[in-house]
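Good morning, and thank you for coming. I should like to present one structure and go through its helices and sheets in turn.

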Amino acid sequence: MEQPATRSALEVSDLVKDYPLAKGWHRAVAGVSFTIEEGHFYSLLGPSGCGKTTTLRCVAGLERPDGGRIVLGGVTVADAGSSVPPEKRDIGMVFQSYAIWPHMTVIENVAFPLRVGSTKVSRADITRRVGDALDLVQLGSYASRPATQLSGGQQQRLALARALVRRPRLLLLDEPLSNLDAKLRDRMRAEIRDLQRSLGITTLYVTHDQVEALSMSNRIAVMEDGLIVQEGTPREIYSHPTSRFVANFVGAANFLPATVSGPGAGAGRMLLRVGDGTIEASVPAGVVAGDAVTLSIRPEAVRFHTSAPGGPNVLAGEVEQALFLGDAIDLRVTVAAGSVAVRLPSAIETSRGDRVWLELDAAEGGDPSAAGPASPA
Ligand code: ADP
Ligand code: MG
């Protein structure tokens, strides 16, 4: 028998999944590896079609991988030779469509997994556990309603209660908020995260929404074309994107062409020549002096000056456009290397034609990242 090697809740290694096409195959997941620690909230973030749902379905046991290995709580549930069926994986899942049963009441929906589960649960236990699950999502007073007579947010909570009623070891959520309007989505985001924390349940969350991933996750894996292209904490992903794709997908970013001129002060940092200025930025491993890279700058990570601040990390430019938004002001500033969008507090007064200096300062929490190597604009 295999011994649990680590305390990780889930380990996915080199996962591959091919779908048959009319002619040949489509590789939906092309070698994905990640590990989720016990109790963590972990997100797969990426555009539509990048392989998020397929990865989740492999973890749930709804798809059989064509390669790799899935280890759940130290037990291998899928590898080259074997696959444990979904109902034996101790997983709760919420689908994008909720998939609640319309012909059942709220209480019947939540009780269903206990009724059909492989372990026999007594009637008294079913009543108690369904009651607990409904209380968790604040649906206790709706127990006897037909499921179809719930609002979108309530159906979402019902799907969550049904996924949690067996107290699974792992919760899988596939774009659970995408069918809700913006306001409700904001609220459910906080509700799901509070619930996840209070239960301490390890959660794998799939989304194409960067705000969801950034605000809820302990760690994020950004996916593109069936691969994880960057993995880290929300702050790492946002502040140190290692590619133009990630910088662009996870929040707004400016891109300026740059050339690496020499080593910077800290580890992983280099001096970049950017137009007529020099900027110190963090760079991906392997970047050396002379390389052409793309500097990415977050619009809110810029300090604004109306006279030259006389220090490093400054780009001189001219205001091309100023849009007053009430709580902020959006500027477009032309610098020697290109154009930079900047977001400033609205107290700052400036207008088109002003000569300005943009200071990029790690201390402001907006460390400029060189998302190299350079790609043609
Ligand atoms: P995501 O959830 O990130 O939007 P999916 O995992 O659903 O992406 O899909 C990944 C790729 O696999 C897409 O190109 C999609 O069209 C394809 N795909 C998904 N499911 C199937 C299927 N059952 N048969 C064939 N191709 C599929
Ligand atoms: Mg999907």
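I begin with a pair of helices: α4 and α5 are roughly parallel to each other, a description used for angles under 35 degrees, whereas angles over 145 count as roughly antiparallel, 65 to 115 as roughly perpendicular and the rest as oblique. Please note that this is a predicted model, in which local features need pLDDT of at least 70 and side-chain atom pairs count only at pLDDT 80 or more, while totals for chains, interfaces and linings use all residues. Residues are numbered from 1 along each chain as its sequence is written, chains are lettered from A and ligands numbered from 1 in the order in which they are written, and side-chain values use heavy atoms, with hydrogens and water left out.

Helix α4 comprises residues 152-164 and helix α5 residues 182-199; helices (H or I, at least four residues) and strands (E, at least two) are DSSP runs, numbered from the N terminus. The two helices pack at an angle of about 20°, and their axes are 11 Å apart. Here axes are lines fitted to C-alpha atoms, for helices over the stretch in contact, and angles run from 0 to 180 degrees between N-to-C directions. The crossing of α4 and α5 is right-handed, that is, the near helix is turned clockwise from the far one by less than a right angle, anticlockwise being left-handed.

Which residues of α4 and α5 make the contact? From α4 they are Gly152, Gly153, Gln156, Arg157, Leu160 and Leu164, and from α5 they are Leu184, Arg187, Met188, Glu191, Ile192, Leu195 and Leu199; contact means heavy atoms within 4.5 Å. By class, this contact has seven nonpolar, three polar and three charged residues. In that scheme Ala, Val, Leu, Ile, Met, Phe, Trp, Tyr, Cys and Pro count as nonpolar, Asp, Glu, Lys and Arg as charged, and the others, Gly among them, as polar.

Helix α4 also leads us to a sheet, since α4 lies across β6 and β7, running at about 165° to β6. That sheet is open and mixed in its pairing, with six strands in the order β6-β7-β8-β3-β9-β10; two strands pair if DSSP finds at least two bridges between them. At the edges stand β6 (91-94) and β10 (227-232), each with a single partner strand, so one side of each has no neighbour in the sheet. Direction ignored, neighbouring strands are turned by 15° against each other on average.

Helix α1, residues 52-60, packs on this sheet and touches β3, β6, β7, β8 and β9. The direction of α1 makes about 150° with that of β7. Is α1 enclosed or open? Seven of its nine residues are buried, so α1 is largely enclosed by the rest of the structure; buried means under 20% relative accessible area, exposed over 50%, and partly exposed in between, with a 1.4 Å probe and protein chains only. The buried residues are Lys52, Thr54, Thr55, Leu56, Cys58, Val59 and Ala60. After α1 comes Gly61, with a positive phi near 90°.

Within the sheet, β8 is mostly covered, with six of its six residues buried. Thr202, Leu204 and Val206 point one way from β8, and Thr203, Tyr205 and Thr207 the other way. Strand β8 pairs in the parallel sense with β3 over five bridges, Leu44 standing opposite Val206. With β7, too, β8 pairs in the parallel sense over five bridges, and here Thr202 is the bridge partner of Leu170. Strand β3 runs parallel to β9, to which four bridges join it; Ser43 has Ile220 as its bridge partner.

Let me turn to Ala133, in helix α3 (residues 123-136). At 5% relative accessibility, Ala133 counts as buried. Not counting residues up to four places away in sequence, Ala133 touches Val110, Ala161 and Val165.

Elsewhere, β4 and β5 pair in the antiparallel sense over three bridges. Their hairpin has two residues between the strands, and Gly73 there takes a positive phi near 55°.

Finally, there is an open sheet of five strands, in the order β15-β19-β16-β17-β18, with antiparallel pairing. Its edge strands are β15 (303-305) and β18 (338-345), and the twist averages 40° from one strand to the next. Seven bridges join β16 to β17, with Gln321 opposite Arg332.
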